[in-house]
Amino acid sequence: MSLLLKNGFVYDPLNGVNGEVMDILTEGGKIVERHRSKDLKIIDVSGMVVMPGGVDIHSHIAGSEVNAGRLLRPEDHFKDVEVKGKVTRSGVGYSIPSTFTTGYRYTKMGYTTVMVPSMPPLEARHTHEEMDDTPMIDKAAYPLLSDWWVVLEHIRDNKIEECAAHIAWIMKATKGYAIKLVNPGGLEAWGFGKNVQSIDDPVPNFGITPREIIRGLCKVNKLLNLPHTIHVHTNNLGKPGNYLTTLKTMHCVKDLAEETKPVIHITHCQFSAYKGSDWSNIRSGAERIARYVNRNSHVTIDLGQIAFTDTTTMTADGPFQYGLYQLSGNKWMNHDVETETSSGVVPFRYRRKSYVHATQWTIGLELALFIRSPWKVFLTTDHPNAAPFTTYPLIISWLMSRHARERLLKKINRKARRRCVLTTIDREYDLSEIAIATRAGTAKALGLTWKGHLGVDADADVAVYALNPRRLNLSKEYDLIEKAFERTAYTIKGGEVVSRRGEVVKSVLGQTYWADVKTLEPNEASSEFKQRFKDYWTVQYENYPIPENYLHSSKPVPVKAEV
Amino acid sequence: MITLTQKHRFRVPIHAENITPDIFETKTIDEIKILPVFEGNRRRVIADLFKVDDDSSNEDRTIHLVGDLTKLKKIGAKMSLGQIVVDGSVGMRLGEGMRGGTITVKGNADSWVGTMMKGGLIEVLGNAGDYIGASYRGSTEGMKKGTIVVHGDAGSDVGCFMKNGLIKVLGNIGSFAGINMRDGTILVKGDSEGRLGAQMRGGKIVVLGHVPSILPTFTINSIRRRARVGNERVSGPFYMYNGDIAEMGEGRLYVSKAKNPHLKVYERYLPS
């Protein structure tokens with residue numbers, strides 16, 4: 001079947017289309033120039049915005065820590081209930097929605113691809129089971145590798161090529177997509193009740209530093225030619241004064257960059273951009289980080305923007321989560337994933353009247369507005385850490401409208417308002433920049449060449465928003481921005497209309513991408529490695545890798561490695 | 001007055017959150033008859049389950065429920081005005097999140113009476129179950145305001161995460177009364193099964209009857225002649241304890257001296 005979207009204002013930054021009135025034609029799940037099938041369905045989208053389907057680079061929607069959060073928070077579910085629909089299942093949850101509800105809500109906002117950013121290799125099976133149960137969207141997961149014993153040993157012995165071969169095996173075994181680093185070295189130290197304070201602190205029992213881990217994995221990433229860069233959650237995250245650590249982290253891989261290709265992605269950067277020495281004098285370090293990002297081309301970041309709401313924090317950063325528990329006194333969970341990583345969950349409420357929370361809110365927006373190129377800074381809330389993903393429309397309205405920001409600025413903590421520079425920023429994103437920060441830029445950073453644009457042969461994932469940019473003054477009518485981005489007029493997934501006016505009309509499965517790394521030599525686990533599995537893991541080696549037929553809809557992305 | 005009389009015996013739970021004065025007020029009697037209620041997983045209307053009579057000679061819009069309503073959940077949920085009178089016993093979550101008005105139950109009530117309540121008055125003339133005035137499972141937002149009076153006995157965990165307001169139990173009470181309490185007052189006229197105020201951080205629990213023991217994380221403060229409960233004063237004398245120290249709490253526990261001679265040992269720790 002072919003589908004023709006007629007006369008929309010098309011925003012397709014990767015192909016240089018900026019709001020021109022065009023037709024988009026799809027057939028067989030792809031964007032095409034000419035249709036062959038006689039069965040042509042025409043939808044008139046005149047006066048509406050047409051964008052590629054959204055691509056979320058960082059959102060915790062599946063996995064063991066997400067499920068632990070669900071167990072920990074029955075009170076999060078009962079206030080937000082989705083009733084069974086004609087094609088949809090029932091579900092619950094505000095900050096940690098159940099899997100099906102997650103898929104439906106993303107599709108209603110026009111998102112069609114979502115990345116799960118923290119998958120402990122040991123919990124990969126669980127993560128994939130949940131991803132299989134998340135319909136409507138394509139997804140992929142990043143395995144956590146920065147505190148893996150085997151990786152740390154290889155880096156200690158300076159065996160980067162062996163390390164690359166091992167990670168190639170891990171990507172295949174866990175069906176992962178990119179290398180995720182969380183507080184590199186710190187989580188291993190946390191196993192002994194310690195943490196690392198800077199990127200040059202030694203990691204206990206290994207005698208290496210976080211700097212070596214970051215550089216080592218960055219080199220591995222290059223050797224393997226993985227589609228995405230290394231995806232880094234910095235050391236000292238969530239601590240006042242940590243912007244220096246972030247600058248050092250970005251700078252330590254600068255010499256590994258070739259030309260203008262990014263080599264490092266700093267995720268939820270808002271949490272890593274604090275000046276000050278303690279919580280009472282915390283200030284924004286956004287300007288310094290933005291200056292660095294503006295001057296260098298080897299870095300991309302995503303925001304981790306806060307919205308003032310009740311949410312659940314969950315990361316693999318065990319020591320950070322413990323600190324958050326001490327700060328908030330809320331119920332909490334902490335977990336040690338054998339030889340691999342750690343994790344923690346703490347419910348949290350961001351309050352407008354709190355100096356710290358209000359400052360955090362300004363930092364996220366300052367990052368987005370100070371960094372000039374939207375190809376370097378992407379919209380996320382680190383769902384659900386800074387806010388649930390359902391707040392994206394609200395954040396888009398803040399980015400697009402100075403008036404929307406000013407309205408909220410009047411209501412936040414006075415000290416935070418007095419100290420922030422957000423009040424002086426006039427910049428407003430236009431729709432093209434929003435399209436970059438939410439789909440084109442993320443797809444490019446992730447190496448998803450068939451996503452995030454509407455060129456021929458791209459996936460037919462399209463979002464149509466009922467918003468007329470020629471008629472409206474978006475800066476003033478920011479309520480309409482929020483409303484439009486909350487519910488698409490049409491969401492098209494794989495060439496089919498799956499959601500219409502905020503209602504899911506067809507349930508589709510969505511594919512799971514993973515990096516199928518082809519090494520020069522066949523990559524088999526050594527008998528020594530298998531023996532270590534017997535010694536240190538609670539899972540047998542034979543049960544560890546996930547066979548491809550285990551996934552409902554597996555889509556390997558072939559990658560040719562240099563080792 | 002609108003009277004709802006049970007038509008047949010209810011076998012499965014019924015979600016009755018639509019039975020509130022707030023919803024009834026704006027509707028005619030025919031509209032009330034077709035208000036949806038879920039009986040188990042079946043969608044029904046009120047007229048399927050109840051005979052609905054409107055006594056139009058009576059101007060007052062009290063909702064009068066008659067029958068064995070132990071399967072009816074959430075009667076009067078979120079109501080903010082008016083009155084509900086129940087001639088019989090009711091099920092769980094009576095007056096959940098209630099903001100104002102009055103509910104009177106002439107029989108017994110099940111657990112979670114007045115959970116997350118924010119105002120108003122609930123009176124149960126019989127016994128009530130556990131978790132009266134508590135928060136939702138996992139939440140720390142318990143009852144914030146209002147009054148709950150139970151004339152009979154009450155179960156355990158009464159006033160869990162209570163933030164303010166008043167709970168009066170005129171009979172006996174189960175264990176863990178005032179667990180995680182933040183503020184407000186619980187008065188128990190009968191005996192308690194103990195573990196009073198576990199993890200409480202603030203508020204006041206007054207017990208006029210027997211208490212098996214006091215938790216080790218409470219310290220004796222003084223002997224008081226009377227205690228203040230809402231606007232009234234209750235005469236003692238009482239042993240007054242502070243706690244829960246494990247939570248750095250500043251809660252106050254008043255326990256009758258006359259009914260608890262075994263607590264005399266604490267007197268030697270009284271500051272002289």
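Start with chain A and select helix α13 (residues 392–400) together with helix α14 (residues 402–409): their axes come within 5 Å and cross at roughly 110 degrees. An angle from 65 to 115 counts as roughly perpendicular, so that is how α13(A) and α14(A) stand to each other. Keep in mind as you go that this is a predicted model.

Now show side chains at that crossing. From α13(A), the contact takes in Ser397(A), Trp398(A), Leu399(A) and Met400(A). From α14(A), turn on Arg402(A), Ala404(A), Arg405(A) and Leu408(A). Colour these contact residues by type and you get 5 nonpolar, 1 polar and 2 charged.

Stay in chain A and step back to the loop between β20 (377–378) and α13, where you'll find Pro384(A). Look at the peptide bond leading into Pro384(A) from His383(A): it is cis, with omega near -5 degrees.

Next, the aromatics. Over all chains, the whole structure holds 32 aromatic pairs. Pick out Trp149(A) and Tyr536(A), an edge-to-face pair with 5.3 Å between centres and 75 degrees between planes. How far apart along the chain are these two partners? They are separated by 387 residues, with Trp149(A) in helix α5 (residues 149–156) and Tyr536(A) in helix α18 (residues 527–536), both of chain A. Switch on a surface and Trp149(A) is partly exposed, at 23% relative accessibility. Tyr536(A) is partly exposed too, with a relative accessible area of 42%.

From there, select Phe529(A) and Trp537(A). This aromatic pair is also edge-to-face, at 6.4 Å centre to centre and 70 degrees between the planes. Buried or exposed, what is Phe529(A)? Buried is the answer, because its relative accessibility is 10% and the cut-off is under 20%. Trp537(A) is likewise buried, at 8%.

Widen the selection to Trp148(A), Trp169(A), Phe529(A), Phe533(A), Trp537(A), Tyr541(A) and Tyr544(A), and you have a cluster linked by ring pairs.

One click along the sequence from Trp537(A) brings up Thr538(A), in the loop between α18 and β26 (554–560) of chain A. Thr538(A) is exposed, at 65% relative accessibility. Draw a distance from the C-alpha of Thr538(A) to that of Arg288(A) and it reads 45 Å, for two residues 250 apart in sequence.

Two charged side chains over rings come next. Arg125(A) lies over the face of Tyr550(A), 4.9 Å from the ring centre. For the other, centre on Tyr355(A): the charged end of Lys415(A) sits over this ring, 4.2 Å from its centre.

Then go to helix α10 (residues 286–295) of chain A. Which of its residues are buried? They are Ala286(A), Ile289(A), Ala290(A), Tyr292(A), Val293(A) and Asn294(A). To see what covers them, show the surroundings, which include α9 (243–251), β15 (283–284), β16 (299–302) and α12 (355–370) of chain A.

Over to Tyr490(A), in strand β22 (residues 490–493) of chain A. The residue is buried, at 15% relative accessibility. What does Tyr490(A) touch, once neighbours within four places in sequence are left aside? The list is Ile43(A), Val45(A), Val462(A), Ala463(A), Val464(A), Val497(A), Ser499(A), Arg500(A) and Arg501(A). For a sense of scale, the C-alpha atoms of Tyr490(A) and His35(A) are separated by 21 Å, with their positions 455 residues apart along the chain.

Among those contacts, Arg501(A) deserves its own stop. Arg501(A) lies in the loop between β23 (496–500) and β24 (503–504) of chain A. Check its backbone: phi is near 45 degrees, positive in a residue other than glycine. Arg501(A) is exposed, with a relative accessible area of 53%.

Finish in chain B. Select Lys78(B), in the loop between β7 (72–73) and β8 (83–87). Here phi is near 60 degrees, again a positive value in a residue other than glycine. Lys78(B) counts as exposed, at 60% relative accessibility.

The last stop is Asp244(B), in the loop between β16 (232–243) and β17 (251–256) of chain B. Zoom in on the peptide bond joining Gly243(B) and Asp244(B): this one is cis, and omega is about 0 degrees.

Notes:
Residues numbered from 1 in each chain as written. Chains lettered and ligands numbered in written order. Predicted model: local features only at pLDDT ≥ 70, side-chain atom pairs only at ≥ 80, totals over all residues. Heavy atoms only, no water. Phe/Tyr/Trp six-rings, centres within 6.5 Å; stacked < 30°, edge-to-face > 60°. Helix = DSSP H or I, 4+ residues; strand = E, 2+ residues; numbered from the N terminus. Buried < 20%, exposed > 50% of the residue type's maximum accessible area, 1.4 Å probe, protein only. Lys NZ or Arg CZ within 6 Å of the ring centre and 35° of its normal. Axes fitted to C-alpha atoms, helices over the stretch in contact; angles between N-to-C directions. Parallel < 35°, antiparallel > 145°, perpendicular 65-115°, else oblique. Contact = heavy atoms within 4.5 Å. Nonpolar A, V, L, I, M, F, W, Y, C, P; charged D, E, K, R; others polar.
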